[in-house]
Amino acid sequence: SRRRHTRCSGVSWARRCVQETGIIQNVRKILDYDGLDMRIGIHTGEIIGGIIGTDIVRYDIYGQDVVIANKMESNGVEGYINVSEATREVLESEYKLSLIHI
């Protein structure tokens, strides 16, 4: 079992998500289409990963923290990055941030 450093992973994903929202905004301008948007949800926690299947092999992740991340995304606001309390604490400990509460 290989463990990743939670703090580094959370910060890395948050940076990537900010980049992705910028890409979506640029594509909307290029296409002149406001209907393109995304919701992003980030939660920091424990997961279990595994390979499923024999004919078609897939890798998937499981755990309560995966469910929380899914809920963060599905209940989020389009165009925003929705972070859980656990992720907020990680980000605020790494950066001097002022995260808004919607």
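**Salt bridges, a core and a hairpin**

Let's start with one residue: Arg28 is partly exposed, at 23% relative accessible area. Keep in mind that this is a predicted model. I'll come back to Arg28 once the layout is clear.

So, the layout. The chain has 3 helices and 4 strands. Going along the sequence, the pattern reads α-β-β-β-α-β-α. There are 102 residues, and 18% of them are buried.

Back to Arg28. Which residue does the side chain of Arg28 meet in a salt bridge? The partner is Asp37, at 3.4 Å from N to O. Asp37 sits in the loop between α1 and β1. Like Arg28, Asp37 is in the middle class. Its relative accessible area is 29%, so Asp37 counts as partly exposed. Asp37 also comes up in a contact between distant parts of the sequence. Its C-alpha atom is 6.1 Å from that of Glu78, although the two are 41 residues apart along the chain.

Now, the other salt bridges. The search of the whole structure found 6. I'll show you two more.

Take Arg39 and Glu73. Their side chains form a salt bridge at 3.1 Å, N to O. Where do the two ends sit? Arg39 is in the loop between α1 and β1, and Glu73 is in helix α2, residues 64-74. The partners are 34 residues apart in sequence, so this pair ties together separate parts of the chain. Buried or exposed? Neither, for both ends. Arg39 is partly exposed at 32% relative accessibility. Glu73 is partly exposed too, at 25%.

The next pair stays inside one helix. Glu92 and Arg88 make a salt bridge, with their closest N and O atoms 2.4 Å apart. Both belong to helix α3, and they are 4 residues apart, which means about one helical turn separates them. Glu92 is partly exposed, at 30%. Arg88 is partly exposed as well, at 25%. One more point on salt bridges, and it takes us back to the start. Arg28, Asp34 and Asp37 are joined into one network by salt bridges that share partners.

Next, the inside. In general, nonpolar side chains of soluble globular proteins tend to be buried together. How many residues does the largest nonpolar core have here? It has 7: Val11, Ala14, Cys17, Ile40, Ile42, Val90 and Leu91. Three elements each give two or more residues to this core: α1 (6-31), β1 (40-42) and α3. The top contributor is α1, with 3 residues.

Stay with α3, residues 85-94. Its buried residues are Thr87, Val90 and Leu91. Look down the axis of α3, and these buried residues fall within an arc of 95°, so they line one face of the helix. Val90 and Leu91 you have just met in the core.

Last stop, the hairpin. Strand β2 is residues 48-52 and contains Ile51. β2 runs antiparallel to strand β3, residues 58-62, and 5 bridges join the two. Together β2 and β3 make a hairpin, with 5 residues between the strands. Look at Gly53 in the turn: its phi is positive, about 95°. To check the register by eye, use two pairs. Gly49 is opposite Ile61 in β3. Ile51 is opposite Tyr59 in β3.

Now look at the surface there. Is Ile51 buried or exposed? Exposed, because its relative accessible area is 63%, and the cut-off for exposed is over 50%. Ile51 is also part of a nonpolar surface patch, along with Ile47, Val57, Tyr59 and Ile61. Together these residues have about 530 Å² of accessible area. Remember that Ile51 and Tyr59 stand opposite each other. Both are in the patch.

To close, three places to find on the screen. First, the network of Arg28, Asp34 and Asp37. Second, the core of 7 residues, with α1 giving the most. Third, the nonpolar patch that includes Ile51 and Tyr59. That's it from me.

Note on methods: Residues are numbered from 1 along each chain as its sequence is written. This is a predicted model: local features need pLDDT of at least 70, side-chain atom pairs count only at pLDDT 80 or more; totals for chains, interfaces and linings use all residues. Side-chain values use heavy atoms; hydrogens and water are left out. Patches are made of residues with over 30% relative accessible area and no salt bridge: like charges are joined within 9 Å, nonpolar side chains (Val, Leu, Ile, Met, Phe, Trp, Tyr) within 5 Å. Accessible areas come from the Shrake-Rupley method with a 1.4 Å probe; for residues, only the protein chains shown count as cover. A salt bridge is a side-chain nitrogen of Lys or Arg within 4 Å of a carboxyl oxygen of Asp or Glu. Buried means under 20% relative accessible area, exposed over 50%, partly exposed in between (1.4 Å probe, protein chains only). The arc is that of the directions from the helix axis to the C-beta atoms. A nonpolar core is a set of buried Ala, Val, Leu, Ile, Met, Phe, Trp, Tyr and Cys residues joined through side-chain atoms within 4.5 Å. Two strands pair if DSSP finds at least two bridges between them.
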